[in-house]
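Colleague: I am new to this structure and would like to understand how the words used for it are justified. Could you show it to me, and then let me ask about the reasoning step by step?

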Amino acid sequence: MLKFRIALLLFGFCSGLLLVEILLNVLGLPRSYEPRSTPPQFQFHIPQNGDFFYTNTPSTKIDFVYDGNPRGYFEEGNIVSHKTNSLGFRGDEFTIPKSSQLVRITALGDSFTFGEGVKDGDTYAEKLEALLQDQGDDALEFEVYNFGVGGFNTEQAVRLFEDLVIQVNPDHLVLGYTLNDAEPKLFLLDQATQEIRRRERSVEAIESIYALKQSGGFLSRFKTVQLIQQILNKEKMTRGTVEYYKALYEEKNADWSKTQASFKRLSELCQQREIECTVLIFPLLYDLSEDYPFIAIHEKIRKEAEMNGLNVVDLFPALKGMDHTSLWVHPTDQHPNEIVHQIAADALFQSIFRNTEF
């Protein structure tokens, strides 16, 4: 009798697994994707003094190709094109002269500000310009220049502001800030060989779980096993990501200290030229619920910015409660999609008109 019960339980368990396997195959789950393409994107400058720097490649079209088009947003061939002007930034050519009726806003930041994965007209800089032109003061003209460069940290963004952005005479500056902006520089120059290498990040992006290759072996062919592997990988990466960012913003971390110094320097530069500055904080697009694990980090960034006289717009309240995966460019690309860029533009529009006298 006992053997019969055990056999019955085993039969039920195996039948259940078989049904789950069939269902997963019918639904095409779990879905995994190939990583997006990595086209040449940057122009590197190596002056004789070794003060290494880089910007986007000028006067070009940077095409990212994705594995699939689940949102129906990409162009034919699952492509998103990013066009740059002669200085290497998104948008039309930048000019220096401006009339007294022209209000010029410049946006600084990394790939979130550059708008990686969204079309040329869908970046928050472009959307903000459209809002200002449509709803702003009829007696004024508005333009927003996008100086975003992928991989920049805050120290590099402030240097770009000091070296170049100031020359276009902005009236208002937006610093797009993502939580990894307190990291060390993404690209390093080997002084001995003069070779440029990309720094390997200490934490993998959460969305990379969808691009993971399944481990080899017979069992990995089954969808049920693949799903379990994906869930375990997600849990491991999520835990590691939370720990990483909390450590990044500890007071003893030298890179956070450099970011604090950059806020101070940016404030000094803006005050000298009477430029209003707004820090736009992007949340990590993960678990945008009451349990969002990086609230304390957002508050630390806000406190640092406001202590230096900078305005702050935190996007977390506007995104709170939303499905974070619906805000990604693609399952393998956690950059904010056009929905987030529009929300960012709306928030900036309200903030700039509330805090600025034109």
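Colleague: What makes you say that Asp-314 has no salt bridge, and which side chain of opposite charge is the nearest?

Modeller: Please keep in mind that this is a predicted model. The nearest side chain of opposite charge is Arg-302, at 4.4 Å from Asp-314, and because a salt bridge requires a nitrogen and a carboxyl oxygen within 4 Å, the pair does not qualify. Asp-314 is therefore described as buried yet without a salt bridge.

Colleague: Where is Asp-314 found, and what does its side chain meet there?

Modeller: Asp-314 is found in strand S11, which covers residues 311–314. Its side chain is joined to that of His-298 by a polar contact of 3.0 Å, and a polar atom of the Asp-314 side chain also lies 3.0 Å from the backbone nitrogen of Phe-316. Leaving aside residues up to four places away in sequence, Asp-314 touches Ile-281, His-298 and Arg-302.

Colleague: Why is the pair of Lys-61 and Asp-63 called a salt bridge?

Modeller: The distance from N to O between the side chains of Lys-61 and Asp-63 is 3.9 Å, and the cut-off is within 4 Å, so the pair is counted. Lys-61 has a relative accessible area of 48% and Asp-63 one of 23%; since partly exposed covers what lies between 20% and 50%, that term is used for Lys-61 and for Asp-63.

Colleague: How do you know that Glu-338 and Arg-71 tie together separate parts of the chain?

Modeller: Glu-338 forms a salt bridge with Arg-71, with the closest N and O atoms 2.8 Å apart. Glu-338 lies in helix H9 (residues 338–355), whereas Arg-71 belongs to the loop between strand S3 (61–65) and strand S4 (79–83), so the pair ties together parts that are 267 residues apart in sequence.

Colleague: Is Glu-338 buried or exposed, and what is Arg-71 called?

Modeller: Glu-338 has a relative accessible area of 18%, and because buried means under 20%, Glu-338 is called buried. Arg-71, with a relative accessible area of 32%, counts as partly exposed.

Colleague: What makes Arg-265 and Glu-162 another salt bridge?

Modeller: Their side chains meet at 2.4 Å, N to O, and the limit is 4 Å, so the pair is counted. This pair links distant parts of the chain, with Arg-265 in helix H6 (residues 254–272) and Glu-162 in helix H4 (residues 154–163), 103 residues apart. Arg-265 counts as partly exposed at 29% relative accessibility, and Glu-162 is partly exposed at 35%.

Colleague: How many salt bridges does the structure hold, and which residues are linked in a network of them?

Modeller: The structure holds 15 salt bridges, and Arg-36, Glu-116 and Asp-333 are linked in a network of such bridges.

Colleague: Why is Arg-104 called buried?

Modeller: Arg-104 has a relative accessible area of 0%, and since buried means under 20%, the term applies. Arg-104 lies in strand S5 (residues 102–109), where its side chain makes a polar contact of 2.6 Å with the side chain of Glu-143 and reaches the backbone oxygen of Pro-97 at 3.3 Å. The residues that Arg-104 touches, not counting those up to four places away in sequence, include Tyr-145, Val-168 and His-172.

Colleague: Why does Glu-129 count as buried?

Modeller: Glu-129 has 18% relative accessibility, and because the cut-off for buried is under 20%, Glu-129 falls within that class. Glu-129 is placed in helix H3 (residues 124–135), and beyond residues up to four places away in sequence it touches Phe-142, Glu-143 and Val-144. The C-alpha atoms of Glu-129 and Phe-142 are separated by 6.5 Å, although the two residues are 13 apart along the chain.

Colleague: Which residues make the nonpolar surface patch, and why is Ile-46 called partly exposed?

Modeller: Phe-44, Ile-46 and Ile-196 make this patch of about 200 Å². Ile-46, found in the loop between strand S1 (42–45) and strand S2 (53–56), has 35% relative accessibility, which lies between 20% and 50%, so Ile-46 counts as partly exposed.

Notes: Residues are numbered from 1 along each chain as its sequence is written. This is a predicted model: local features need pLDDT of at least 70, side-chain atom pairs count only at pLDDT 80 or more; totals for chains, interfaces and linings use all residues. Side-chain values use heavy atoms; hydrogens and water are left out. Helices (H or I, at least four residues) and strands (E, at least two) are DSSP runs, numbered from the N terminus. Buried means under 20% relative accessible area, exposed over 50%, partly exposed in between (1.4 Å probe, protein chains only). Lys and Arg count as positive and Asp and Glu as negative; His and the chain ends are not counted. A polar contact is a pair of N or O atoms within 3.5 Å; within protein, one must be able to donate a hydrogen and the other to accept it, and residues adjacent in sequence count only if both atoms are side-chain atoms. Contact means heavy atoms within 4.5 Å. Patches are made of residues with over 30% relative accessible area and no salt bridge: like charges are joined within 9 Å, nonpolar side chains (Val, Leu, Ile, Met, Phe, Trp, Tyr) within 5 Å. Accessible areas come from the Shrake-Rupley method with a 1.4 Å probe; for residues, only the protein chains shown count as cover.
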